[in-house]
Amino acid sequence: MRTPKGLLFVISGPSGVGKGTICAKLLEREPNLRLSLSDTTRDAREGEIDGVNYSFITKEKFLANVENDAYLEWANVYDHFYGTPKSAVEMNIQSGIDTLLEIDTQGASIIKEKCPHGIFIFIAPPNYSALETRLRGRSTDSEETILKRLSQFGQEIRRMPMYDYVVVNDDLECAVDRVRSVIIAEHQRFANSTIFAELFKEDDVL
Ligand code: ADP
Ligand code: 5GP
């Protein structure tokens, strides 16, 4: 049987909405799903590990990578650079592995142009005050950083219509299940299935 190509899932949403938490649970539960490891120029937070959460690199190295066309997309998000290295994503997809990009809304609109077959999921908070509570409750960012991130909320919400799916992260487990149901459904699309070609070979016995 021909190996189907992996699907590309793009997850975005405002800072603090729970994207990272949801993605971690998806990766535990979906064995054929791999997270694309982004490069960033921001400092590692306490507990973050280079090569696990991000590749933490200098601004000089990041700009050299941009120059060398190493990124599928990149953006300046909340005053730091973030980018998706091209090679790993391409390799995964070709080997039949589903790939998850957890990126901001600017990066998602670039991917939408370059990879229109991608599946775009926006994670929304149940309301603004829950978002603020989560961002503050995470205790990883300074007040200045929190305010900067919250100030982008309107802009991010305005980009919601370009997404294929919106999942409200009210109850965490429900939100994870909703995203998983998108992954399952997308695999049943005719365009993503290899079964027609297989069965077509048997046409003479049908
Ligand atoms: P993001 O990656 O979108 O910036 P995180 O995954 O870091 O957000 O989540 C921000 C905070 O909100 C974390 O402390 C996380 O434990 C918490 N959180 C995530 N989902 C929920 C939820 N459904 N209800 C309450 N708190 C949540
Ligand atoms: P954080 O600093 O909270 O880890 O991430 C800040 C924002 O950058 C989040 O919206 C996250 O999704 C986004 N982000 C992480 N990696 C990338 C990337 O490779 N490209 C883009 N465009 N955004 C990213």
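# A tour from the charged network to the aromatic pairs

Start by selecting Arg42, Arg45, Glu48, Arg138 and Asp141, which are linked in a network of salt bridges. A salt bridge here is a side-chain nitrogen of Lys or Arg within 4 Å of a carboxyl oxygen of Asp or Glu. What you have open is a predicted model, in which local features need pLDDT of at least 70 and side-chain atom pairs count only at pLDDT 80 or more, while totals for chains, interfaces and linings use all residues. Residues are numbered from 1 along each chain as its sequence is written, chains are lettered from A and ligands numbered from 1 in the order in which they are written, and side-chain values use heavy atoms, leaving out hydrogens and water.

**Stop 1: inside the network**

Zoom in on Glu48 and Arg45, whose side chains meet in a salt bridge at 3.6 Å, N to O. Are these two buried or exposed? Both Glu48 and Arg45 are buried, where buried means under 20% relative accessible area, exposed means over 50%, and partly exposed is in between (1.4 Å probe, protein chains only).

Next, pick Asp141, in the loop between α5 (128–137) and α6 (143–151). Helices (H or I, at least four residues) and strands (E, at least two) are DSSP runs, numbered from the N terminus. Asp141 has 18% relative accessibility, so it counts as buried. Show its surroundings: leaving aside residues up to four places away in sequence, Asp141 touches Arg45, Leu135 and Ile146, a contact being heavy atoms within 4.5 Å. For a distance to draw in the viewer, try Asp141 to Leu100: their C-alpha atoms are separated by 25 Å, and the two residues are 41 apart along the chain.

**Stop 2: two further salt bridges**

The count of salt bridges comes to 15. Select Asp170 and Arg178 for one of them, at 3.2 Å, N to O. Asp170 is partly exposed at 41% relative accessibility, and Arg178 is partly exposed too, at 34%.

Then move to Arg189 and Glu186, whose side chains meet at 2.7 Å, N to O. Which of these partners is buried? Glu186 is, at 4% relative accessibility, whereas Arg189 is partly exposed at 45%.

**Stop 3: a nonpolar patch**

Now turn on the surface and colour Phe190, Phe196 and Phe200, which make a nonpolar surface patch of about 400 Å². Patches are made of residues with over 30% relative accessible area and no salt bridge; like charges are joined within 9 Å, and nonpolar side chains (Val, Leu, Ile, Met, Phe, Trp, Tyr) within 5 Å. Areas come from the Shrake-Rupley method with a 1.4 Å probe, and for residues only the protein chains shown count as cover. Phe190 sits in the loop between α8 (172–187) and α9 (195–201) and is exposed, with a relative accessible area of 64%.

**Stop 4: aromatic pairs**

Hide the surface and show the rings. Rings of Phe, Tyr and Trp (its six-membered ring) pair if their centres lie within 6.5 Å; planes under 30 degrees apart count as stacked, over 60 as edge-to-face and the rest as tilted. By this rule there are 11 aromatic pairs. Take Phe62 and Trp74: the ring centres are 6.1 Å apart and the planes stand at 75 degrees, so the pair is edge-to-face. Phe62 lies in helix α2 (residues 59–67) and Trp74 in strand β5 (residues 71–77), so the pair ties together parts that are 12 residues apart in sequence. Phe62 is buried, with a relative accessible area of 0%, while Trp74 is partly exposed at 34%.

For another edge-to-face pair, select Phe122 and Tyr163, at 5.2 Å centre to centre with 70 degrees between the planes. This pair links distant parts of the chain, 41 residues apart: Phe122 is in strand β8 (residues 119–124) and Tyr163 in the loop between α7 (153–158) and β9 (165–168). Phe122 is buried at 0% relative accessible area, and Tyr163 counts as buried at 7%.

Go back to Phe62 and add Tyr71, Trp74 and Phe81: ring pairs link these four into a cluster.

**Last stop: the whole protein**

Zoom out to the full cartoon, with its nine helices and nine strands. The C-alpha atoms fill a box of roughly 70 × 40 × 30 Å, taken along the principal axes. Buried residues make up 43% of the 206 residues. The accessible surface comes to about 11,400 Å², of which 53% belongs to carbon and sulfur atoms.
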